Amino acid sequence: MPDGRSSTGQVAIHSVLLPYSYKVLLFGRNLPKSGPKSTPEPGVGGNVSTVYDVTSGTYVVTPNYETLFCAGHTTMSDGNVVAAGGDMGFGYDWMKEGRDVVRIFYPSSNKWETLPGVKLSEYRWYPTQVNLPDDRVIIVSGFLDDPARQTGKPAPSIDVFDYKSKSIVVRKSRYDLGKSFFTNITPGYQLYPAVFLMNWVDPAKPDDWFLFMYTCRTGQIVRFTSDNNFIPMWNMPGLPIDNMCTSFSAMGSAVILPLRPAKGYEFEVAIFGGGTQGKGMDCKSGKGMDCKGVCNAPAAKTIFRMRLPKASEALKGNWPKDWVWSGNQKYEEMPFPRVFADAVLLPNGKIVVLNGAQRGVPGGGIDGGSTAKEGAYTAIVYDPEAPSGQRISTLATSGIHRYYHSNALLLPSGDIWVAGSEQADCLDSCASGGKAPPDQEYRAELLQLPYAFNPNRPVITAISSNTVPYGGKLKINFETFGKGFVNKVSVIPPGANTHSLNMMQRVVFLKITARNKDNERPRWVEVVMPTKNDRVLNPGPYMLWVVDDDLPAKEARWIALKA
């Protein structure tokens with residue numbers, strides 16, 4: 001990214017890395033008319049979407065007039081992006097209702113298409129999307145509208161969109177799902193719940209799928225059956241800290257820990273940071289969304305880990321007794337508290353946690369009203385494989401605060417692209433309604449990890465194919481300059497992030513089946529892709545990395561996994 005001012009054009013509330021590129025699709029609020037204090041960038045006007053080129057630091061406008069703000073979004077097997085739900089049109093003729101529509105973004109043309117006649121079962125503002133390997137998209141929850149508005153009620157239902165037929169093929173209302181289902185036992189916390197596709201298989205019912213669902217303080221494992229029913233299987237234990245909320249609308253960030261063949265692709269989730277739910281606000285109703293009680297609520301330092309058993313054990317009813325213990329407590333602690341954390345998986349299996357604030361909760365609008373302060377400026381890296389107490393180290397410190405509606409994505413260079421935020425520090429006083437001014441952030445940054453400055457990173461020089469099937473082999477040629485021994489190969493899909501939730505993020509390590517002899521040149525390794533029955537990867541584009549000890553390749557190669 002070039003030196004000097006670099007504008008993303010749109011505040012990076014939503015970001016998707018476009019496959020085979022260093023370009024990022026951004027979308028957010030409709031500017032300038034969604035608020036009198038909004039300050040749109042040149043050429044953006046009322047549009048809600050841009051594509052930002054990291055290499056040049058420039059953007060192009062990609063017009064869309066069905067309100068995309070707070071939609072769900074995932075990348076499909078062909079590299080196109082599906083975005084479902086969003087916000088209302090605010091009564092403007094040029095901005096249409098977005099809460100019940102499904103759209104597709106085509107990177108090849110930089111154009112959006114809203115699918116005619118395809119309507120979600122109900123309005124969805126802040127829904128979560130999860131892709132299945134057959135390109136069906138499970139669309140979970142959201143709200144009918146902003147909870148502060150009269151129509152602000154949860155939408156505890158599920159739609160399944162079939163990308164191939166461009167139609168909604170499953171509609172499950174709150175009544176269909178039942179009183180004990182995840183969306184009905186967490187009615188006030190349906191804003192971007194963490195929902196992950198698990199790798200379990202039931203041999204007796206091999207066409208069923210399993211989902212990890214979590215929001216605020218409540219989690220559930222759910223079976224999605226071949227006859228299109230969602231069945232709750234197990235409720236996770238509660239958090240051991242009172243008044244804490246995490247992995248809900250930017251309260252904290254949840255990720256699947258690296259999936260490794262040597263461990264049988266053990267499925268474990270980590271949740272970083274969160275809010276401590278301040279005891280209230282000092283101002284009268286309708287004023288001061290950022291007064292003392294919320295503004296000064298300390299964020300959480302916690303890292304919770306939930307390790308799930310193998311499917312065979314879970315199907316017998318052998319569930320975990322609790323969260324993973326660290327020493328004498330059920331969680332680890334980061335060096336400082338963080339709400340609105342973004343957690344980014346690295347090709348070497350480590351996790352970077354960045355962005356956010358040290359006090360407050362998510363909140364505020366286009367005209368300000370922040371509910372957080374004290375930026376968490378310093379990133380950390382977490383090594384889930386290191387011994388307890390030795391997993392965390394600090395990284396670089398930014399000079400830009402990244403509060404609510406900020407973003408972070410892994411790039412093919414191994415750097416992390418950082419952008420977004422639209423709020424200033426909240427106010428301790430209730431004067432003038434206690435409303436802090438807006439602070440829309442259009443600058444982008446790169447967080448470069450220590451390995452970025454290491455001259456010994458391997459370089460991928462060739463791969464045997466740009467496409468590979470399930471269970472297929474791939475030969476990777478490379479040059480090394482350090483120890484000269486590639487001991488890991490990993491793949492990572494392009495990120496699709498919003499509100500601290502990267503909806504299909506995962507890193508999967510590949511099994512190395514052969515390698516060059518010590519003195520043989522060029523250096524190479526042969527890897528085998530997971531099988532379809534391993535259920536750790538969906539068909540689609542991936543960044544492929546070789547890793548020399550702890551050093552990932554200088555740049556990833558893109559490959560496509562085919563069904």
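Strands, in the sense used on this tour, are DSSP runs of E with at least two residues, and they are numbered from the N terminus, as are the helices. With that numbering in hand, begin at L449, which sits in the loop between β29 (445-447) and β30 (459-463) of this predicted model.

**Stop 1: L449 and its surroundings**

Select L449 and show the side chains around it. Because its relative accessibility is 2%, L449 counts as buried. Setting aside its neighbours within four places in sequence, the residues to add to the selection are L346, V352, L395, G414 and I416, each of which is in contact with L449. For a sense of scale, draw a distance from the C-alpha atom of L449 to that of V137: the two residues are 312 apart along the chain, and the separation comes to 33 Å.

**Stop 2: the whole chain**

Now zoom out and colour by secondary structure, which brings up 4 helices and 41 strands. The radius of gyration is 22 Å, close to the 24 Å that the globule rule gives for 563 residues, so the protein is as compact as a globular protein of that length. Along the principal axes, the C-alpha atoms fill a box of roughly 75 × 55 × 55 Å.

Of the 563 residues, 62% are buried, and among contacts with a separation of 6 or more, 63% are between residues 24 or more positions apart. If you switch to a surface view, the accessible area is about 20,700 Å², with carbon and sulfur atoms contributing 49% of that total. Colouring the charged side chains picks out 60 positive and 52 negative ones, and the centres of these two sets lie 2 Å apart.

**Stop 3: aromatic rings**

Next, display the rings of Phe, Tyr and Trp, among which there are 19 aromatic pairs. One of these pairs is made by W200 and W319, whose ring centres are 5.8 Å apart and whose planes stand at 45° to each other, a tilted arrangement. The two partners come from distant parts of the chain, 119 residues apart: W200 belongs to the loop between β13 (194-197) and β14 (209-215), whereas W319 belongs to the loop between α4 (311-314) and β20 (332-333). Are these two tryptophans buried or exposed? W200 has a relative accessibility of 4% and therefore counts as buried, and W319, at 16%, also counts as buried, since the cut-off for that class is under 20%.

While the rings are still displayed, select F69, W125, Y126 and Y192, which together form one aromatic cluster.

**Stop 4: backbone details**

Finally, hide the side chains and follow the backbone to the loop between β37 (511-515) and β38 (523-528), where P522 lies. The peptide bond that leads from R521 into P522 is cis, with omega near 0°.

Two further loops hold residues that have positive phi values without being glycine. Y20, in the loop between β1 (14-17) and β2 (23-27), has a phi near 65°, and because its relative accessibility is 49%, Y20 counts as partly exposed. S247, which you will find in the loop between β16 (230-235) and β17 (253-256), has a phi of about 55°; at 4% relative accessibility, S247 counts as buried.

Technical notes
Residues numbered from 1 in each chain as written. Predicted model: local features only at pLDDT ≥ 70, side-chain atom pairs only at ≥ 80, totals over all residues. Heavy atoms only, no water. Rg over C-alpha atoms; globule rule 2.2 N^0.38 Å. Buried < 20%, exposed > 50% of the residue type's maximum accessible area, 1.4 Å probe, protein only. Contact = heavy atoms within 4.5 Å. Areas by Shrake-Rupley, 256 points an atom, 1.4 Å probe, with all protein chains shown as cover. Lys, Arg positive; Asp, Glu negative; His and termini not counted. Charge placed at Lys NZ, Arg CZ, Asp CG, Glu CD. Phe/Tyr/Trp six-rings, centres within 6.5 Å; stacked < 30°, edge-to-face > 60°.
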